[in-house]
Amino acid sequence: MELALRVVAWLGNSPDSGLTFDGKVPDAGMLQAYSDSDWDVKPSVTGYVLQFGGASVAWHSARQLCIASSSTHAEIIAASDAALEAVYMRGILAEMGFRQTEPTVLKVDNSGALELSRDLKSCQRSRHIERRYLKVRELVAAGEVVVEHISTKDNPADLFTKSTLDMSTFSRHAKTVKNE
């Protein structure tokens with residue numbers, strides 16, 4: 001409840017805030033995605049944001065359906081959810097005349113998840129992860145998505161997974177999400 005009141009207070013103090021699209025930003029016609037998770041011993045939180053024309057067109061924050069056994073496990077689940085949303089959004093953009101000719105870049109801040117997304121083979125450390133949570137691998141192999149690393153401090157998806165962000169980090173990520 002305290003966090004919900006914090007959000008309502010922020011909205012009340014920010015009546016002029018909103019999403020802005022800018023066709024002049026670099027790669028304005030390319031869909032970009034960011035994903036993150038907040039690993040915990042209870043169900044972790046998945047968060048992602050997709051941007052087009054510099055502004056957010058889709059975002060999500062929710063508890064994961066399973067209990068992840070590691071931060072990499074939680075991050076690959078988040079990356080798979082974001083990749084599936086990116087494929088859906090690519091279809092919508094194509095219908096609107098903005099066909100994506102290159103794979104959508106999905107940025108993650110976990111090196112283990114980055115490696116798992118690229119490697120189709122099973123290994124001792126990833127055998128416990130259910131196949132449905134590794135969907136990002138299939139989408140990378142199909143050329144729909146390419147996964148790249150982003151520094152944790154620069155990942156705007158933190159906005160959707162971390163409830164304890166300091167105000168300067170929160171504001172910086174909020175500005176990125178809103179394209180301010």
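This section describes the fold, the central sheet and one surface patch of a predicted model.

The protein chain contains five helices and five strands. Read along the sequence, these elements follow the pattern α-β-β-β-α-β-α-α-β-α. Of the 180 residues in the protein chain, 40% are buried. Among contacts between residues at least 6 apart in sequence, 67% join residues at least 24 apart. The area exposed by the protein chain is about 10,000 Å², and carbon and sulfur atoms supply 55% of it.

The five strands of the sheet are arranged in the order β3-β2-β1-β4-β5; the sheet is open and its pairing is mixed. Its edges are formed by β3 (55–63) and β5 (145–149), each of which pairs on one side only. On average, neighbouring strands of this sheet are turned by 20° against each other, direction ignored. Helix α3 (residues 111–118) packs on the sheet, where it touches β4 (104–108) and β5. The direction of α3 makes about 155° with that of β5.

Both senses of pairing can be followed through individual strands. Strand β2 (residues 45–52) pairs with β3 in the antiparallel sense, over eight bridges. Within this pairing, L50 has A58 of β3 as its bridge partner. By contrast, strand β1 (residues 32–38) and β4 run parallel and are joined by three bridges. Q32 stands opposite V105 in β4. The pairing of β4 with β5 is also parallel and extends over five bridges. In that pairing, L106 has V147 of β5 as its bridge partner.

The side chains of β4 show a division between the two faces. In a regular strand, side chains alternate between the two faces of the sheet. Along β4, T104, L106 and V108 point to one face and are buried. V105 and K107 point to the other face and are not buried. Thus L106, the bridge partner of V147, lies among the buried residues of β4, whereas V105, which stands opposite Q32, belongs to the face whose listed residues are not buried.

Outside the sheet, attention may be given to the surface. L19, F21 and W59 make a nonpolar surface patch of about 340 Å². L19 is located in the loop between α1 (2–13) and β1. With a relative accessible area of 39%, L19 is partly exposed, because this value falls between the 20% limit for buried residues and the 50% limit for exposed ones.

Technical notes. Residues numbered from 1 in each chain as written. Predicted model: local features only at pLDDT ≥ 70, side-chain atom pairs only at ≥ 80, totals over all residues. Heavy atoms only, no water. Pairing = 2+ DSSP bridges. Helix = DSSP H or I, 4+ residues; strand = E, 2+ residues; numbered from the N terminus. Axes fitted to C-alpha atoms, helices over the stretch in contact; angles between N-to-C directions. Contact = heavy atoms within 4.5 Å. Buried < 20%, exposed > 50% of the residue type's maximum accessible area, 1.4 Å probe, protein only. Patch = residues over 30% accessible without salt bridge, like charges linked within 9 Å, V, L, I, M, F, W, Y side chains within 5 Å. Areas by Shrake-Rupley, 256 points an atom, 1.4 Å probe, with all protein chains shown as cover. Salt bridge = Lys/Arg side-chain N within 4 Å of Asp/Glu carboxyl O.
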